[in-house]
Amino acid sequence: MKEITINKQAVINKDITHLKEYYFYQAENDLRNFDLPAGETEYKLYSYISEQFDNKTILDIGTRHGGSALALSNNLKNNVISYDIISWDSHIHLKKDNITLKICDFMQDTSIDYSQVDLIMIDVDPH
């Protein structure tokens, strides 16, 4: 297991606005999530974490519209497997070479080899 030290200033300075081109959820003001400062959006932190290692598999639990999957996929050398139990219209646009979207309960997915998973990001709606 690799220890990650988070550089607060690097997270604050992270520019992830380029991820907007992959994000097609059309709720009012939602695209601004990639413009918001660290502390108001989790995506800068997710992107920073994904860049701390290469050639790894990341599970993103709770895709919803794909923001966390996109942030975690910022490092193109990693593979993100993103799970949601609901199929959203926005999923048809969530296409990036290093993201695999699965509509199922990840706990029921027998194809996961957890020995090959390096990070699990749980970003679910608690409501």
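N55 sits in the loop between α2 and β1, helices being DSSP runs of H or I with at least four residues and strands runs of E with at least two, both numbered from the N terminus. The phi of N55 is near 55°, a positive value in a residue other than glycine. For context, most residues other than glycine have a negative phi. N55 counts as exposed, because its relative accessibility is 61% (exposed means over 50% relative accessible area, buried under 20%, and partly exposed in between, with a 1.4 Å probe and protein chains only). R64 also has a positive phi, of about 50°, although it is not a glycine. R64 belongs to the loop between β1 and α3 and is partly exposed, given its relative accessible area of 39%.

All of this comes from a predicted model, in which local features need pLDDT of at least 70, side-chain atom pairs count only at pLDDT 80 or more, and totals for chains, interfaces and linings use all residues. Residues are numbered from 1 along each chain as its sequence is written, and side-chain values use heavy atoms, with hydrogens and water left out.

Back in the loop between α2 and β1, there is also F53. F53 counts as buried, since its relative accessibility is 10%. Setting aside neighbours within four places in sequence, F53 is in contact with K2, I4, I58, N75, N78 and L119, where contact means heavy atoms within 4.5 Å. K2 is 51 residues away from F53 along the chain, yet their C-alpha atoms are separated by 8.5 Å.

As for the overall layout, the protein has three helices and four strands, and the pattern read along the sequence is α-α-β-α-β-β-β. Of the 127 residues, 42% are buried. Among contacts with a separation of 6 or more, 54% are between residues 24 or more positions apart. The accessible surface comes to about 7700 Å², and carbon and sulfur atoms account for 50% of that; these areas come from the Shrake-Rupley method with a 1.4 Å probe, and for residues only the protein chains shown count as cover.

Helix α2 (residues 43-50) is largely enclosed by the rest of the structure, because seven of its eight residues are buried. Those seven are Y43, K44, Y46, S47, Y48, I49 and S50. Their cover includes α1 (8-13), β1 (57-61), α3 (67-72) and β4.

Two of these elements, β1 and β4, run parallel and are joined by four bridges; strands pair if DSSP finds at least two bridges between them. One of the bridge pairs puts D60 opposite M121 in β4. Side chains alternate along β4: L119 and M121 point to one face and are buried, while I120 and I122 point to the other and are not.

Turning to the interior, the largest nonpolar core has 18 residues, of which F34 and L72 touch the most other members. A nonpolar core here is a set of buried Ala, Val, Leu, Ile, Met, Phe, Trp, Tyr and Cys residues joined through side-chain atoms within 4.5 Å. The elements that give two or more residues to this core are α2, α3 and β4, and the largest share, four residues, comes from α3. Apart from this core lies another one of six residues, including Y83, F106, I112 and V117. In soluble globular proteins, nonpolar side chains tend to be buried together.

Beyond its neighbours within four places in sequence, L72 is in contact with Y46, S50, I58, D60, V80, L119 and M121. Another residue, L70, lies in helix α3 and is buried, with a relative accessible area of 0%. Not counting residues up to four places away in sequence, L70 touches L19, Y22, Y23, F34, L94, K96 and I99. The C-alpha atoms of L70 and K96 are separated by 8.1 Å, with these positions 26 residues apart in chain numbering.

On the outside, Y114, I120, I122 and V124 form a nonpolar patch with about 380 Å² of accessible area together. Patches are made of residues with over 30% relative accessible area and no salt bridge, joining like charges within 9 Å and nonpolar side chains (Val, Leu, Ile, Met, Phe, Trp, Tyr) within 5 Å; a salt bridge is a side-chain nitrogen of Lys or Arg within 4 Å of a carboxyl oxygen of Asp or Glu. Within this patch, I122 is in strand β4 (residues 119-122) and is exposed, with a relative accessible area of 56%.
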